[in-house]
Amino acid sequence: MRGWISFFFVSLVGWGAAFSQNPVVIPKGLSAREGNAKVTVPGKFAPAHAQFLYASSVMPSGPLTIRKVGIRRDGLLTTAFQAHDFDVELWMSHLPRDPVKGYGCSWAGNRGKDWTQVAKKVKVRFPADNRPLRPPAPFTVRVALDKPFAYKGGAFLVEWSLGASKNETWEWYADAENWISWKGEPRDWKVEYYGVDYPKDLWMGVYPPFLSGRLLFHHVFFTKGPKVKVVGLLGNSTLYWGSVLLPILLHKFSFPKTPSNMGPWIQANALVFLAGETPAGSVVNQHRQVVLDGGAIPNNPGLKGLVFTYQALGMLPDPGAPYGFYLESTRGAKCTIGSALSGWSGGFTFYGYHAKDAGEAWYYKPFALVMELR
């Protein structure tokens with residue numbers, strides 16, 4: 001009888017302690033200290049998606065039942081933060097190892113075996129908090145979990161999805177910690193640009209290609225008027241397209257008054273075609289930006305050192321043109337795939353400004369979102 005009573009008493013005390021659990025801030029040590037960085041997800045952009053990976057050493061000892069999470073605004077910025085609402089979804093899981101080695105831009109590849117949706121879509125308010133007189137700011141953005149998560153200890157993943165009916169941008173940054181000491185970024189990738197643009201000074205940039213990363217091609221077109229339809233040429237040669245010698249000058253598709261660089265050129269072959277379209281703009285705003293997504297690079301050591309080529313063509317409809325459109329052409333790029341992410345970081349973020357079902361992460365930083373767990 002005494003044994004049963006003792007068991008009941010211990011269980012009751014344990015239940016009460018869990019119920020009244022004190023809030024815990026991750027990464028450890030930031031409860032009363034401002035983080036040394038800020039992040040744009042969650043808070044600034046929607047739709048957007050991010051995975052925050054925490055090493056075991058920056059997490060509390062388990063067990064811990066998480067019922068609610070909170071974030072705080074960056075406490076150092078002096079700009080006025082804008083109040084707004086985003087639809088928020090959350091997932092959590094334990095991780096088999098600390099970041100960063102073994103992780104990459106694949107959402108699914110980064111998740112632990114117990115990956116669980118803990119908060120279904122809920123509208124969350126990001127208030128127009130004032131900068132605190134003494135940072136850090138209080139935790140004013142909170143999300144109650146539909147399904148409490150039983151954290152047992154070790155490395156940890158929190159995944160955020162921000163939704164909106166259209167692309168939204170607000171002045172709102174969350175507090176974060178940056179592991180400046182991390183040295184595991186791939187350094188053996190290479191991008192060499194060659195050739196000419198038509199018209200002169202178009203801008204094209206290839207995001208660093210590496211194992212477990214993502215092939216991203218950024219473009220800025222300057223032409224006024226209609227949307228620009230963009231075709232990316234992803235190939236393996238700067239010299240030949242089949243039996244045809246490169247480059248190929250397309251005189252008939254040049255603008256009426258051709259600048260000194262003569263006209264659009266094809267300066268790389270294509271084994272794969274990528275397609276996209278710049279957003280609509282006005283006569284005043286001549287900048288047309290678009291990112292073409294070539295997909296994830298598998299974390300396969302056999303692909304390290306692989307060389308590929310890239311170029312893009314922009315098609316501008318015009319009834320007065322010889323074939324109903326003119327062409328713009330970017331310079332070419334010769335690219336070499338580098339190694340995967342490596343090394344250790346206390347926190348790491350994979351993120352992108354698109355919905356969770358729109359492919360993998362686009363970008364990464366050795367950052368961890370400062371979060372309060374209750």
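In this predicted model, the largest pocket takes up a volume of about 510 Å³. Its lining is made of 17 residues, and those closest to the centre are Asn167, Gln289, Val291, Tyr353 and Trp362. Several strands help to build the wall: β3 (45-46), β10 (168-169), β14 (214-221) and β21 (288-296) are the elements that give two or more residues to the lining of this pocket.

Besides the pocket, there is a cavity to look at. Searching the whole structure turns up one cavity of 30 Å³ or more. The volume of the largest cavity comes to about 50 Å³. Its lining consists of Val39, Thr40, Val41, Thr349, Tyr351, Lys365 and Phe367.

Now for the chain as a whole. It holds two helices and 28 strands. Half of it is tucked away, in the sense that 50% of the 374 residues count as buried. Contacts also reach across the sequence: taking those with a separation of 6 or more, 82% are made by residues 24 or more positions apart.

Some of these strands come together in a small group. Three of them form an open sheet in the order β2-β11-β27, and the pairing is antiparallel. At the edges sit β2 (37-39) and β27 (367-369), each of which pairs on one side only. On average, and with direction ignored, neighbouring strands here are turned by 45° against each other. Within this sheet, three bridges link β11 (residues 174-178) with β27 in the antiparallel sense. Asn178 has Phe367 of β27 as its bridge partner, and Phe367 turns up again in the lining of the largest cavity.

Another open sheet has four strands, ordered β1-β28-β5-β8 and again paired antiparallel. Here β1 (24-26) and β8 are the edge strands; each has a single partner strand, so one side of each is left without a neighbour in the sheet. Neighbouring strands in this sheet are turned by 30° against each other on average, direction ignored. The link between β5 (residues 64-72) and β8 is made by eight bridges, with the two strands running antiparallel. One pair that faces off across these strands is Ile71 and, in β8, Val141. As a rule, side chains in a regular strand alternate between the two faces of the sheet.

Strand β24 (residues 332-336) is worth following as well. Four of its five residues are buried, that is, under 20% relative accessible area, so the strand is largely enclosed by the rest of the structure. It pairs with β12 (residues 190-194) through five bridges, running antiparallel, and Tyr193 has Ala333 of β24 as its bridge partner. It also pairs with β22 (residues 307-317), again in the antiparallel sense, over four bridges. In that pairing, Phe308 is matched with Cys335 of β24.

What about the nonpolar interior? The largest nonpolar core has 64 residues, and the members that touch the most others are Tyr54, Ile66, Leu90, Phe156, Trp160, Phe350 and Met371. Apart from this core lies another one, of 23 residues, which includes Leu215, Phe217, Ala333 and Cys335. Two of these names are familiar from β24, where Ala333 is the bridge partner of Tyr193 and Cys335 that of Phe308. Back in the largest core, Tyr54 has plenty of company. Leaving aside neighbours within four places in sequence, Tyr54 is in contact with Ile26, Pro27, Met59, Pro99, Ala155, Phe156, Val158, Gly346, Ala368, Leu369 and Met371.

Two loop residues round off the picture. Gly154 lies in the loop between β8 (139-151) and β9 (156-163). With a relative accessible area of 27%, Gly154 is partly exposed, because that value falls between the 20% limit for buried and the 50% limit for exposed. Once neighbours within four places in sequence are set aside, Gly154 is in contact with Ser56 and Met59; Met59 is also one of the contacts of Tyr54. The C-alpha atoms of Gly154 and Asp98 are 8.3 Å apart, although 56 residues separate the two along the chain.

His251 belongs to a loop too, the one between β18 (248-249) and β19 (265-266). Its relative accessibility is 49%, so His251 counts as partly exposed. From C-alpha to C-alpha, His251 and Gly263 are 5.8 Å apart in space, with their positions 12 residues apart in sequence.

Terms used: Residues numbered from 1 in each chain as written. Predicted model: local features only at pLDDT ≥ 70, side-chain atom pairs only at ≥ 80, totals over all residues. Heavy atoms only, no water. Core = buried A, V, L, I, M, F, W, Y, C linked by side-chain atoms within 4.5 Å. Buried < 20%, exposed > 50% of the residue type's maximum accessible area, 1.4 Å probe, protein only. Contact = heavy atoms within 4.5 Å. Pairing = 2+ DSSP bridges. Axes fitted to C-alpha atoms, helices over the stretch in contact; angles between N-to-C directions. 1 Å grid on protein atoms, 1.4 Å probe; cavity = no way out; pocket = protein on both sides within 12 Å on 5 of 7 lines; lining within 4 Å. Points joined across faces, edges and corners; volume = space filled by probe spheres on them.
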